[in-house]
Amino acid sequence: MARRLTRALTLLPALALAVTAASCAEEVNTGGDTEAGGEITLMREGALTTCTHLPYKPFQYTEDGKTVGFDVDLVDLVAEDLGVKQEISDVSFESIESGAALDTGQCDLAAAAMTINDVRAKVMDFSEGYYDANQALLVKKGSDITDLADLKGKVLGVQLGTTGEQYAEEHKEEFGYTTRQFEDLALLETAVKTGQIDAGINDNSVLYDFVKSNPDVEVTTEFETGEEYGIAVRKGNGALLAKVNEVLDAAKQDGRYDEIYEKWFGKKPETK
């Protein structure tokens, strides 16, 4: 969603994708660099294709057969400004945060509650930050686990490729726990709820959202990691990046961002 450490993946080079659709021609990214104000070329005619990883409620998840969420609504603003529709592709988070999904032309941009950090910024370009987050600890209610110090000899669940996993790995020798990886957030949350693991670490907002409908679990502490989410584009895609920043800035100025934020989090964003 705050999120995510780039893993050691072999990055595929940016490919010049041929138009191979049988029924209609489609514009595709050529892999060349573009500048702010330049022509924006999309993978598919009439669509802004977004890579994300489901579920990560309330940022992106499936409801009644449709992908919805905070990130989805924000990218819809960009698509609307471009005069196209957003199309969402659910891919592995590792392929997003490694830059591979963008480099191989799977999507025009990535919106997956993804934390901006220096490692990821080497393989993709980020928008201005659009959401602040910290890490938090999820446990079964009544477990007497309030912090990492209470996990000595126990198992802490992490989501693969996230900044939560990074934080857990950095501190496990100090506190004497072991970690167990999960592919997605739902698997991690379920493992805590069913007692498969002693605790789970992930972004604060998604864990608080889970607690709302699962009163047998609770968030006992937050870790001040000071993370910011960004929307990512392929490295060098300056034209699309400038458009994303332009739309996000306009939405913050005219109140649309606040409306979307309140819709998904039940309150207005805090002013900095």
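## Worked exercises: a disulfide, a strand and a cavity

C51 and C107 form a disulfide, with 2.3 Å between their sulfur atoms (a disulfide being a pair of cysteine sulfur atoms within 2.5 Å). Before we dig in: this is a predicted model, where local features need pLDDT of at least 70 and side-chain atom pairs count only at pLDDT 80 or more, while totals for chains, interfaces and linings use all residues. Residues are numbered from 1 along each chain as its sequence is written, and side-chain values use heavy atoms, with hydrogens and water left out.

### Exercise 1: The disulfide

Work out which parts of the chain the pair C51 and C107 links, and whether each cysteine is buried or exposed.

**Step 1.** Start with the count, which comes to 1 disulfide.

**Step 2.** Place the two ends. C51 sits in strand β1 (residues 47-52), and C107 in the loop between α3 (100-103) and β5 (109-110). They are 56 residues apart, so the link ties together distant parts of the chain. For the names, helices (H or I, at least four residues) and strands (E, at least two) are DSSP runs, numbered from the N terminus.

**Step 3.** Check the twist: the angle about the S-S bond is -105°, and the link of C51 and C107 is left-handed.

**Step 4.** Now the burial. Buried means under 20% relative accessible area, exposed over 50%, and partly exposed in between (1.4 Å probe, protein chains only). C51 counts as buried because its relative accessibility is 0%, and C107 is buried too, at 2%.

### Exercise 2: The strand that carries C51

Find out how many residues of β1 are buried, and which strands β1 pairs with.

**Step 1.** Go through the strand: 6 of the 6 residues of β1 are buried, so the rest of the structure largely encloses it.

**Step 2.** Sort the side chains by direction. In a regular strand, side chains alternate between the two faces of the sheet. Here A47, T49 and C51 point one way from β1, while L48, T50 and T52 point the other way.

**Step 3.** Look for neighbours, remembering that two strands pair if DSSP finds at least two bridges between them. β1 pairs with strand β4 (residues 85-90) in the parallel sense over 6 bridges, and T49 stands opposite E87 in β4. β1 also pairs with β5, again in the parallel sense, over 2 bridges; there the bridge partner of T50 is L109.

### Exercise 3: D71 and the second largest cavity

Say what the side chain of D71 makes a polar contact with, and which residues line the second largest cavity.

**Step 1.** Locate D71: it lies in helix α1 (residues 70-82). D71 is buried because its relative accessible area is 2%.

**Step 2.** List what D71 touches. Leaving out residues up to four places away in sequence, D71 touches F59, Q60, A111, A112, A113 and Y130 (contact means heavy atoms within 4.5 Å).

**Step 3.** Pick out the polar contact. The side chain of D71 makes one with the side chain of Y130, at 2.9 Å. A polar contact is a pair of N or O atoms within 3.5 Å; within protein, one must be able to donate a hydrogen and the other to accept it, and residues adjacent in sequence count only if both atoms are side-chain atoms.

**Step 4.** Turn to the cavity, meaning a set of points on a 1 Å grid over the protein atoms alone where a 1.4 Å probe fits but cannot get out; lining residues have an atom within 4 Å of a point. The second largest cavity is lined by T50, T52, Q60, D71, V72, V75, Q86, I88 and A111. β1, α1 and β4 each give two or more residues to this lining, and α1 has the largest share with 3 residues.

### Exercise 4: Backbone oddities

Find where the cis peptide bonds are, and which residues other than glycine have a positive phi.

**Step 1.** Recall the usual case: most residues other than glycine have a negative phi, and most peptide bonds are trans.

**Step 2.** Spot the cis bonds. One runs from L54 to P55, with omega near -10°; another joins K57 and P58, with omega about 10°. P55 is in the loop between β1 and β2 (61-63), and P58 is in the loop between β1 and β2 as well.

**Step 3.** Spot the positive phi values. A113 has phi near 45° and lies in the loop between β5 and α4 (118-121). D144 has phi of about 70° and lies in the loop between β7 (131-140) and β8 (155-159).

**Step 4.** Compare their surroundings: A113 counts as buried at 0% relative accessibility, whereas D144 counts as exposed at 70%.

Technical notes
On a 1 Å grid over the protein atoms alone, a cavity is a set of points where a 1.4 Å probe fits but cannot get out, and a pocket is an open set with protein on both sides within 12 Å along at least five of seven lines; lining residues have an atom within 4 Å of a point.
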